[in-house]
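The following exercises concern one protein chain and are to be worked with its sequence and structure at hand. Each task is followed by a solution in steps.

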Amino acid sequence: MVIGRFAPSPSGRMHFGNIYACLISYLSAKKSGGRWILRIEDLDRQRCKKEYSELLIDDLHWLGFDWDEGPGKQDGENFFQSRRNALYEEFFHRLEGQNLIYDCFCTRSDLFSSSAPHNSDGTPVYLGRCRNLSPEQKELLLQKKNPTKRIFVPDEVVSFVDGHYGKQEISLFKDAGDFIVRRADGNFPYNLAVVVDDALMGVNEIVRGRDLLSSTHQQLYLYKKLDFKIPEFFHIPLIVNMEGRRLSKRDKDLDMGFLRANFSREDIIGKIMNLCGFTEKIEKMSLSEAISVFDKETLPKKDILLS
């Protein structure tokens, strides 16, 4: 059975692009008679607010979505990442037990001023500057700051086959680098939390935006090191505006406040289904009607222009 999920971050009100990603993950699970989970990824204590979580859930209910597991269901509190820290701690220690973790004292400015290669989003690839610090060097640095915890990655080519974009291959060390699995403040980052959560919740199909395609290699490395069963990945094109920029909560691009004031939920679903190429013309559509015409093979690979 397919078990899919939608895992939004409550850092602001959802927008049209978020609803599109939600809808495709829902339709993919339900088309095959599977289950669909809602998980609230509120790890970022500063940006993620309780009121945003409540608004997010209300917006999803207004759109007609119902989830098999998640907030409001049995054990619903377990579907907020902010309540799951003890689990992340447990699996972090499993990585430590494999001697895969080391202290990193590099600052953000250190990383950006280095000559290391950069990812497509502009962030530098970390090539192990703190890998081989002596005990004496580490002791001196510990007097000045708390370290982040990074995981050693091997210098080897790794690949996986995405359900939509096909084979994805990188050199794990040269193209991704040793990545953070615990922040200096003790909190856990996205890559570790999302792997632990998806594995423990039994998620076996991950449908999400192609902007997360590159991070999949790091997550797959964690799946293997933690001996988790690897799910299927299906990355989808982004919805972009006329300037080619993806929609953003920060810019309030077609957020749910605007959408709810001006359109019905059937209008919104129908518009998304048409943009994705599932229907020939824009027409009002319920979720059940959307399931009947949904076909992942029809989804384009190029980003979708919102017109």
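**Exercise 1.** In this predicted model, determine how many bridges join strand 8 to strand 9 and whether the two run parallel or antiparallel.

*Solution.* Step 1: strand 8 comprises residues 205–209, and strand 9 comprises residues 232–236. Step 2: the two strands are joined by 5 bridges and run parallel. Step 3: one of the pairs links Glu205 to its bridge partner Glu232 in strand 9. Step 4: the connection from strand 8 to strand 9 passes through helix 8 (residues 216–225), giving a right-handed β-α-β crossover. Step 5: as for burial, 5 of the 5 residues of strand 8 are buried.

**Exercise 2.** Classify Asp227 as buried or exposed, and state where this residue is found.

*Solution.* Step 1: Asp227 belongs to the loop between helix 8 and strand 9. Step 2: its phi is positive, about 60 degrees, although the residue is not a glycine. Step 3: the relative accessibility of Asp227 is 71%; because the cut-off for exposed is over 50%, Asp227 counts as exposed.

**Exercise 3.** Describe how the axes of helix 2 and helix 10 cross, and identify which residues make the contact.

*Solution.* Step 1: the axes of helix 2 (residues 50–63) and helix 10 (residues 265–275) come within 9 Å and cross at roughly 85 degrees. Step 2: angles of 65 to 115 degrees count as roughly perpendicular, so helix 2 is roughly perpendicular to helix 10. Step 3: helix 2 contributes His61, Trp62 and Leu63, while helix 10 contributes Arg265, Ile268 and Ile269. Step 4: by class, this contact has 4 nonpolar residues, 1 polar and 1 charged.

Terms used:
Residues are numbered from 1 along each chain as its sequence is written. This is a predicted model: local features need pLDDT of at least 70, side-chain atom pairs count only at pLDDT 80 or more; totals for chains, interfaces and linings use all residues. Side-chain values use heavy atoms; hydrogens and water are left out. Buried means under 20% relative accessible area, exposed over 50%, partly exposed in between (1.4 Å probe, protein chains only). Helices (H or I, at least four residues) and strands (E, at least two) are DSSP runs, numbered from the N terminus. Two strands pair if DSSP finds at least two bridges between them. A crossover is right-handed if, with the strands pointing away from the viewer, the path from the first strand over the helix to the second runs clockwise. Axes are lines fitted to C-alpha atoms, for helices over the stretch in contact, and angles run from 0 to 180 degrees between N-to-C directions. Angles under 35 degrees count as roughly parallel, over 145 as roughly antiparallel, 65 to 115 as roughly perpendicular and the rest as oblique. Contact means heavy atoms within 4.5 Å. Ala, Val, Leu, Ile, Met, Phe, Trp, Tyr, Cys and Pro count as nonpolar, Asp, Glu, Lys and Arg as charged, and the others, Gly among them, as polar.
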